[in-house]
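Please open the model in your viewer and keep the sequence panel beside it. The tour below moves from one selection to the next and says what is found at each stop.

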Amino acid sequence: TLSKENFRLKPLVKEVAAALKTQAEKKNLSLVLDLDGADDYTVLGDPFRLRQILYNLVGNAIKFTSAGYVKLALKTTLEDNHVGCLFEVTDTGIGIRPEDLDRIFNKFEQANSMIARTYGGTGLGLSIVKLLVEAQGGSLNVSSDPGLGSSFSVTLQFENAGTNGPEITTTKKAT
């Protein structure tokens, strides 16, 4: 079930980056936050589910990157009374083979058995992300080059609640 609450986009994205910064630093990775293409809208939507999506995508990017960076970017557009959001998580990690791209969103399935042995995990994160994005009427796309990294993009639309408004400060960590 999705909730409808007012929340500010930029502070929520900053909160996710701040929470995962230590995890990136432990691996000597740069965690880059790019909010240059985003206005600070207050929107009506489910901030908990958005956090869950971003924690999963950024957490995976950190998990599968051993050198370089992970970047979280937000771009916003205003159309009528809706704020279009493009969230991009890009990394310089191991990448995904073209033949594995379709399978990574299946429940309990990872790109291949070597991934599970090397990196761990159950293979539920991306399937949950896909379900949460689709439940909000959004789209999820991935592009990847093996050995060079991956880029996951989430497009969501929220009702505009203004450019200034209450900021939800709850810091529930999604898994």
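**Confidence first**

Colour the chain by pLDDT before anything else: this is a predicted model, with a mean pLDDT of 85 for the protein chain, and 81% of its residues reach 70 or more. Select strand β5 (residues 82-91) to see where confidence is highest, at a mean of 98, and then helix α3 (residues 113-119), where it is lowest, at a mean of 48. Residues 116-123 have pLDDT below 50, and this stretch has 17 contacts in the model beyond near neighbours in sequence. Residues 165-175 are also below 50, and there the model has 25 contacts beyond near neighbours in sequence. Where pLDDT is low, the predicted coordinates should not be read in detail.

**The whole chain**

Switch to a cartoon view, in which the protein chain shows four helices and seven strands. Followed from the N terminus, the elements run β-α-β-β-α-β-β-α-α-β-β. If you colour by accessibility, buried residues make up 44% of the 175 residues in the protein chain. A contact map is useful here as well: among contacts between residues at least 6 apart in sequence, 73% join residues at least 24 apart.

**The nonpolar core**

Which residues have the most contacts inside the largest nonpolar core? Select Leu9, Leu50 and Phe87, which hold that position in a core of 39 residues. At least two residues of this core are supplied by each of α1 (9-26), α2, β4 (69-79), β5, α4 and β7, and the largest share, eight residues, comes from α2. In soluble globular proteins, nonpolar side chains tend to be buried together.

Now centre the view on Leu9 and show its surroundings. Leaving aside neighbours within four places in sequence, Leu9 is in contact with Asp40, Tyr41, Val43, Leu50, Leu74, Thr76, Val83, Cys85, Phe87 and Phe158.

From Leu9, go on to Leu12, which lies in helix α1. Is Leu12 buried or exposed? Leu12 counts as buried because its relative accessibility is 3%, and the cut-off for buried is under 20%. Beyond neighbours within four places in sequence, the contacts of Leu12 are Phe7, Pro47, Leu50, Arg51 and Leu54. A distance label drawn from Leu12 to Arg51, C-alpha to C-alpha, reads 7.4 Å, although the two are 39 residues apart in sequence.

Tyr41, one of the contacts of Leu9, makes a good next selection, and its place is in the loop between β2 and β3 (42-45). Despite this loop position, Tyr41 is buried, with a relative accessible area of 6%. Label the C-alpha pair of Tyr41 and Leu78, which are 37 residues apart in sequence and 9.2 Å apart in space.

**Helix α2 against helix α4**

Hide everything except α2 (47-63) and α4 (residues 125-135), and look at how the two helices pass. Their axes come within 9 Å and cross at roughly 145°, and the crossing is left-handed. On the α2 side, select Arg49, Gln52, Ile53, Asn56, Leu57 and Asn60, which meet Gly125, Leu126, Ile128, Val129, Leu132 and Val133 in α4. The residues of this contact divide into seven nonpolar, four polar and one charged.

Stay with α4, where Gly125, Leu126, Ser127, Val129, Leu132 and Val133 are buried. To see what covers these buried residues, bring back α2 together with β6 (139-145) and β7 (149-162), which are among the elements that do so. Just after α4, stop at Gly137, which takes a positive phi of about 75°.

**Two positive phi values outside glycine**

Most residues other than glycine have a negative phi, and most peptide bonds are trans. Against that background, select Asn28, whose phi is near 60°, in the loop between α1 and β2 (30-37). Asn28 is exposed, with a relative accessible area of 70%.

The last selection is Asp80, which is not a glycine but has a positive phi of about 55°. Asp80 is placed in the loop between β4 and β5. Is Asp80 buried or exposed? At 75% relative accessibility, Asp80 counts as exposed.

Technical notes:
Residues numbered from 1 in each chain as written. Predicted model: local features only at pLDDT ≥ 70, side-chain atom pairs only at ≥ 80, totals over all residues. Heavy atoms only, no water. pLDDT = per-residue confidence, 0-100. Contact = heavy atoms within 4.5 Å. Buried < 20%, exposed > 50% of the residue type's maximum accessible area, 1.4 Å probe, protein only. Core = buried A, V, L, I, M, F, W, Y, C linked by side-chain atoms within 4.5 Å. Axes fitted to C-alpha atoms, helices over the stretch in contact; angles between N-to-C directions. Left-handed = near helix turned anticlockwise from the far one by under 90°. Nonpolar A, V, L, I, M, F, W, Y, C, P; charged D, E, K, R; others polar.
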